[in-house]
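Here is a set of short exercises to work through with the model open beside you. Try each task before reading its solution.

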Amino acid sequence: MKFVRKTGFVATAAIIAAGSCAAFAQTPAPALATGQPTKAYLPIPAFDTSSIDTSANPCDDFYKFACGKFAANHPIPPDQDGVDNFYALFNVNTQRLNEILTKAAEGGASRSPEEQKIGDYYKACMDTDAINAKELAPVQPLLDEINAVTSKRELPALIGKLQRVGVDVFFGYGEQQDLKDATKQIALIQQDGLGLPEKDYYLRTGAKDETIRQQYVAHVAKMLTLAGSTPEQAQKDAVAIMAFETALANGSLSVTDMRDPEKTYHLQPIATFEASIPGVNFGAFEEAIHSPRVSEINNATPQFFPVLMEQIRSNDLETLKAYMRYHLLTTVAGRLPSQFDQENFDFYGRKLRGQPEQAPRWKRCSNSVDAALGEALGKVYVQHYFAGDSKARMLQMVNDIETAMSNDIEQLTWMSPETKTRAKQKLHLVANKIGYPEKWRDYTKLEVKPDDALGNSLRANSFENDRQLNKIGKPVDLNEWQMTPPTVNAYYDPSMNNINFPAGILQPAFYDPKEDDAVNYGHIGAVIGHELTHGFDDQGRKFDGKGNLTDWWTPEDAKNFEARTDCLVNEYGGFTAVDDVKINGKLTLGENTADNGGLVLAYMAYLERAKKEGIDLEAKKDGYTSPQRFYIAFAQNWCENSRPESVRAQVLSDPHSPDHFRANGAIVNQPGFAEAFGCKKGTPMVPVDSCRVW
């Protein structure tokens, strides 16, 4: 379970679990008895004229102009919590994966070893009759181990065993590149173990948060009751679990502080860390989780562990056992009988995110295979759906945008020549990865059975855990990917200093080889610029070109940078996302900086490309000039129709601003926008004072 210090275009977990950046093009079709879709999903057009509201003035509200008809055209299906371009493509890709998996699941001697694994994994996941018939038998051995604990001295080994199969109890453990020596891979330990999304869910006041906490306690009690506890005991345990997790939340850093690498880097000898957890056999934990015995560790949240130790001491053993039982059950609920699966969704999907229905099984199982065997499945996906010319075209766009950034750095008036030189040195060291890995991952040692859904999931988690922890003390693999090829996302990794664009996002609407450059630079070009800018946002700027956390800025330049980012903090912090909940300008600063800078760079690159190719910028297509098409395409990345519960959950814990504000929030700061649409200074989209970092 590697804690990757990367910054993505959207949150991957949200895409997989129908989360904050969910999108969808049409109402889902009824499922056949086999669980397969009956109707094809289609991407939203790259230049979506049906979403444009020509009655809206683009100078007053550009989002309303570019996306004003989107919500009416795209009602939210009951199995999703929102609709936008990302989920539209996610559904297209999921259907493609499903076609691959359905064929692989049919069996036959002609299957390759990889096809056997992905096919059998999918087949077992889809067999709900077998899952229901087995009841709790597949998870009973782990429940028995929890129930058999008679002393807190036994906890380290049991925690390690649970974490190895993906049950994140008490704290988090993994590996990472050393933030100050990117050539090293080290162990990492940090706060974790909460059942609600982040610490403030336990601590905020107000009726809505009180209701969520009450619903969480009721949910925990229901899960424990389903597993065999009496309702009275389950309720008592649920209340105690809530109190325990609230104490852990009090000892945790905020989601905003967790973004700051300087606050989460505390490399220390293992003896120093062990002294902070007296009486704990940490070696037993390492052995159980299959970690090498480490000599040093990044204690990312040192304030957390004294709190954790006090709570373990002060709570009775039965409460700690109930806590572990619940987290085990919620982790594997999708592979347990339907009542567990439905109850888990009822809280985390319906109550927390406002999603009326769970996604159909074929979608969830297809993406479970992608999560467990992503490069085995991705290899087949790439063969079918990612053409070589797309990779070549992407590399050209990346080079254009990197050139634009180099020119932009040179022209900055607020940065000294010394820091400019270092910034360009870092820029020129950025590695570009497009589509898929150069070397595919080997899953030979992962056992997959066609009739063991839960066992397959636990073994896949163990396989990935062991693969990650085996990196500790080994040379860094610069070619490794942290997203699977079909993923509809992109990311920048500051320790690797690379930008990564999986094949899954290099599809319409984000990249359409049939569309003109204006549209593609507005769509995927802005994504490229976004990821590149992450290398120089409030987090990324703290790392040098070799991926080390080091200060390469002059004090005056750092002060100038922070003055400019403070402008973005204030701008986005003034947006009310839903009800009385405002965007957290500090939490979203990195993504907002990347949105703003990335769009500037993409437009600069497009203008230069248009000049080289002799494109008439004023010539109209679909009624719009090329600059207008560029900005409309960008805004349409963020056309959305979202449930208010989903928006609220996103704003409280996600570093990405809600879609609407990602469009207008960046547009108001674009130097080329006013000319493109003939907007006068002082109109809402062209304010007298605007923000500009990059």
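**Exercise 1. Find the loop that holds A509, then say what is unusual about the peptide bond leading into A509 from P508.**

Solution. Start with the location: A509 sits in the loop that runs between strand 9 (498-502) and helix 22 (517-534). Bear in mind that this is a predicted model. Next, recall the usual case: most peptide bonds are trans. Now check omega: from P508 to A509 omega is near 15°, and the bond is cis.

**Exercise 2. Compare the settings of N497 and D622, two non-glycine residues with positive phi.**

Solution. Begin with the background: most residues other than glycine have a negative phi. N497 has a phi of about 50°, and D622 has one of about 55°. For the location, N497 belongs to the loop between strand 8 and strand 9, while D622 belongs to the loop between helix 24 and helix 25 (626-636). Finish with accessibility, where the cut-off for buried is under 20% relative accessible area. N497 has 0% and is therefore buried; D622 has 47% and so counts as partly exposed.

**Exercise 3. Describe the course of helix 16 and its surroundings.**

Solution. First follow the axis: helix 16 bends by about 35° at D346. Then look at which residues are hidden; among the buried ones are F340, D341, F345, D346 and L352. The cover over the buried residues of helix 16 includes helix 9 (200-203), helix 10 (207-226), helix 15 (317-331), helix 17 and helix 26 (644-653). Last, step past the end of the helix: G354 follows, with a positive phi near 75°.

**Exercise 4. Which residue forms a salt bridge with R361, and is R361 buried or exposed?**

Solution. The partner is D341, with the closest N and O atoms 3.6 Å apart. This pair connects distant parts of the chain, since R361 is in helix 17 (residues 361-372) and D341 in helix 16 (residues 338-353), 20 residues apart. R361 has 15% relative accessibility, so R361 counts as buried. D341, at 9%, is buried too.

**Exercise 5. Trace the salt bridges made by E480 with R441 and R467.**

Solution. Take R441 first: its bridge to E480 has closest N and O atoms 3.8 Å apart. R441 lies in the loop between strand 7 (431-435) and helix 21, and E480 in the loop between helix 21 and strand 8 (491-493), so the bridge ties together parts 39 residues apart in sequence. Both R441 and E480 are buried. Now take R467, whose side chain meets that of E480 at 3.0 Å, N to O. R467 is in helix 21, so this pair ties together parts that are 13 residues apart in sequence. R467 is buried as well. Finally, widen the view: these residues belong to a salt-bridge network that links E175, E375, R441, E464, R467, K471 and E480.

**Exercise 6. Characterise the largest pocket.**

Solution. Start with volume: the largest pocket holds about 720 Å³ of space. It is lined by 20 residues, and those closest to its centre are R441, D442, R467, K471 and D477. Sort the lining by type: five residues are nonpolar, three polar and 12 charged. Then ask which element gives the most: helix 21 (residues 453-469) does, with three residues.

Methods: Residues numbered from 1 in each chain as written. Predicted model: local features only at pLDDT ≥ 70, side-chain atom pairs only at ≥ 80, totals over all residues. Heavy atoms only, no water. 1 Å grid on protein atoms, 1.4 Å probe; cavity = no way out; pocket = protein on both sides within 12 Å on 5 of 7 lines; lining within 4 Å. Points joined across faces, edges and corners; volume = space filled by probe spheres on them. Helix = DSSP H or I, 4+ residues; strand = E, 2+ residues; numbered from the N terminus. Nonpolar A, V, L, I, M, F, W, Y, C, P; charged D, E, K, R; others polar. Salt bridge = Lys/Arg side-chain N within 4 Å of Asp/Glu carboxyl O. Buried < 20%, exposed > 50% of the residue type's maximum accessible area, 1.4 Å probe, protein only. Bend = angle between axes of the 7 residues up to and from the residue. Contact = heavy atoms within 4.5 Å.
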